[in-house]
Amino acid sequence: MVIIQSVTLILLVAGVVGALFNFIRLPGVLAFILCGILLGPGGFGIVSDTETIHAIAELGIIFLLFVLGAELSLPRIKEMRVHSLWAGVLQMSISIIAFSLCLHLFGISTRAAIFIAGALALSSTAIVLKMLSDEGEMETAHGRIAMGILIVQDLSLVPLMTFMPLLTGQGVEGSLLESLAWVLLKSTLFLGTIVFLSWRIVPWTIDKIAAGSSKEIFSVFVVAFGLVIALLAEQVGLSYAVGAFVAGLSLSQSITSRQIVAESLPFRDIFSTVFFVSVGMLLDVGFLLSHLPMTMLFTAMIITVKLVTTALAIYLLRFPFKTILWSALSLFQVGEFSFILLQTGLNTGTISPLILNAVTSSIVITMLMTPLAIRAVPRIQKWLERQQNIMHKIEQAFPHERIRPLNDEVVIAGYGPIARNLVQVLQAHEVGFRIIEMNIQTVKQLQQEGIHCVFGDASNAEVLAHANIHQAKVFAVTIPDIRSAELAIQNARRMNPNLYCIVRSRYQHHLQSLFTFGADEVVYEEFETSMSFIYSILDLFGDYITDKESYMLLLRENRKALLRTGNVTQDSARYGRFSVFKDTKIEWISIPEGSPLIGMTLADAGLRQKTGVNILSIVGADGLEQITPDPSTPLSANQVLVVIGTIDQLKSLEEIVC
């Protein structure tokens with residue numbers, strides 16, 4: 001009962017504080033850490049069962065690393081380019097050496113110094129990616145370099161979490177070399193087995209399940225697979241987190257990997273929230289206040305070392321000054337996964353509680369400073385640009401930045417007949433596009449043809465992000481499921497406000513809903529079908545019809561205007577008459593206020609019997625149209641009658657209407 005109350009309180013407070021942080025544009029992870037500080041024993045002590053909370057938080061770590069592994073596919077790593085990954089390797093190596101030396105100078109033992117240095121070398125993937133994404137810097141040179149460094153840091157979790165515990169000296173029989181060899185052998189066998197499965201068996205299995213099962217069964221299998229591999233890793237002496245990461249990495253080879261990430265996010269978000277709250281519980285406010293000088297010294301040391309080592313690693317690879325500035329000020333904090341290593345050091349006695357509290361306090365402070373630092377970078381750049389002497393020296397010392405232009409792209413949701421025709425036109429005009437499709441066989445076929453296709457649900461924000469919706473110019477939603485289309489438009493519009501959204505609609509009553517959710521244009525299937533009928537019939541009459549193309553164009557433009565505006569005005573309702581057959585005209589006639597027809601049905605009005613005209617459709621005041629309207633349709637003010645007849649018949653109708 002206590003654990004239910006504690007988790008309920010944590011999620012409630014985290015939700016409220018997270019909403020507040022989101023309003024002031026700060027990452028939610030900071031809100032969760034703050035909740036932990038307030039609720040934990042170092043704050044008000046409201047949540048006392050911290051051991052159970054930490055147990056639940058371990059599930060958060062499992063899902064965090066599982067999703068991370070699923071996202072880090074080999075193609076994505078290759079996209080970072082070699083120099084980005086080398087920057088990460090240099091940054092990690094230099095940071096560990098520098099931190100070890102500094103901590104040893106502070107009087108910390110060599111073993112503990114190396115242990116802590118390995119933890120401090122990591123940066124916060126969650127915070128950095130969130131801030132760079134919010135600031136629109138992900139596709140820049142410094143955004144790609146920061147991503148490359150973060151990938152190397154995340155990949156280093158596996159060797160760090162595998163070999164760092166050997167520094168504790170506990171449970172080690174024989175020499176350190178023998179223990180290292182034994183752990184290396186077990187790790188190699190375990191990882192080798194998983195790699196073999198990931199290349200030969202796992203992708204085939206997961207693809208079959210995705211093709212022949214419901215989304216619920218697919219989600220259950222994915223989560224169960226990750227937990228099983230995590231348990232197996234723990235049995236061979238590794239950690240749950242390492243096993244979860246390896247499980248995600250093995251699934252990344254499947255074309256369903258993006259949908260796997262999307263399906264895992266709800267689990268990750270809930271459990272990781274508890275994890276970050278548990279991180280905040282590690283901070284003792286009383287300790288921070290009573291040991292403020294030591295904590296500030298550790299904080300200054302961390303920031304200085306991270307800034308210098310990151311800048312040095314990127315400078316050695318000859319990147320421009322702007323890239324160095326952005327990357328250094330983005331990565332100076334310590335990462336969330338560092339707490340796992342530090343907690344291991346505390347449990348084994350390698351790190352004393354005093355040092356752990358000081359380091360933990362410093363880590364939280366660097367996390368809190370990161371959003372402010374990233375948002376300050378543009379102002380720092382502008383200030384430097386005004387200092388001509390400084391900028392002249394910088395330009396001499398650093399190479400110029402090479403900007404790679406981005407191509408406009410179309411993201412297409414669904415790959416049915418509509419999308420196939422669209423793709424042919426885009427290919428013919430060399431317009432870049434990406435496809436989101438739920439049929440796994442279709443995805444495989446398109447990928448074999450060299451077409452960029454993402455497996456997943458287009459209504460999921462994670463899948464949209466992987467399809468590069470942030471950089472797209474047009475979002476074409478061709479899927480027939482109206483609810484999925486509405487959610488897809490809503491998420492895409494939120495992620496890219498400048499996106500042009502065009503969507504199909506099978507039925508008229510869905511039109512207003514799609515516009516409400518953010519569609520710019522709706523392709524109304526009933527209307528398009530009627531246009532095909534009209535064109536085919538008119539085409540049969542050949543020379544007996546005049547102005548056929550003008551009629552079709554005017555009808556289509558009128559319909560498009562009505563759909564976009566959602567209403568009919570007096571000016572746009574009446575477009576005049578033009579010829580269809582010889583002596584036969586089409587006309588839009590608006591029903592004015594006070595017309596004797598108001599309140600009647602079409603059957604009651606008897607317009608065809610009285611005048612001889614044929615009513616093709618009725619456009620309501622809300623902009624919606626009834627094609628071949630029912631005789632029971634009521635007539636009201638500001639409706640527009642689209643009618644066909646002779647000049648005399650149309651004049652007779654106007655007299656009755658007005």
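Q: What makes strand β9 (residues 614-619) and β11 a pair, and in which sense do they run, parallel or antiparallel?
A: In this predicted model, five bridges join β9 to β11, and the two strands run antiparallel. Two strands pair if at least two bridges are found between them, so five bridges are enough for β9 and β11 to be called a pair. One of the contacts can be followed residue by residue, since the bridge partner of Ser617 in β11 is Val642.

Q: How do you know that strand β8 (residues 585-590) is joined to β11 as well?
A: Six bridges join β8 to β11, again in the antiparallel sense, and because pairing asks for at least two bridges, β8 and β11 also count as paired. Here the bridge partner of Ser590 in β11 is Val640.

Q: Why is strand β11 (residues 640-645) called mostly covered?
A: Six of its six residues are buried, where buried means under 20% relative accessible area. Val640, Val642 and Ile644 point one way from β11, while Leu641, Val643 and Gly645 point the other way, and all of them are buried.

Q: Why does Cys35 count as buried?
A: The relative accessibility of Cys35 is 0%, and the cut-off for buried is under 20%, so Cys35 counts as buried.

Q: What makes Cys453 buried or exposed?
A: Cys453 has a relative accessibility of 6%, which is under the 20% cut-off, and therefore Cys453 counts as buried.

Q: How many disulfides does the structure hold, and what would be needed to call a pair of cysteines by that name?
A: The name requires a pair of cysteine sulfur atoms within 2.5 Å, and the structure holds zero disulfides.

Q: Why are β3 (453-455) and β6 (521-524) said to stand at the edges of their sheet?
A: The open sheet has six strands in the order β3-β2-β1-β4-β5-β6, with parallel pairing. β3 and β6 each have a single partner strand, so one side of each is left without a neighbour in the sheet. For β6, strand β5 (residues 500-505) pairs with it in the parallel sense over four bridges, and Arg504 stands opposite Val523 in β6.

Q: What makes the contact of helix α16 with helix α17 one without charged residues?
A: Leu307, Thr310, Ala311, Ile314 and Tyr315 in α16 meet Thr323, Ile324, Ser327, Ala328 and Leu329 in α17. By class, this contact has seven nonpolar, three polar and no charged residues, where Asp, Glu, Lys and Arg would count as charged.

Note on methods
Residues are numbered from 1 along each chain as its sequence is written. This is a predicted model: local features need pLDDT of at least 70, side-chain atom pairs count only at pLDDT 80 or more; totals for chains, interfaces and linings use all residues. Side-chain values use heavy atoms; hydrogens and water are left out. Contact means heavy atoms within 4.5 Å. Buried means under 20% relative accessible area, exposed over 50%, partly exposed in between (1.4 Å probe, protein chains only).
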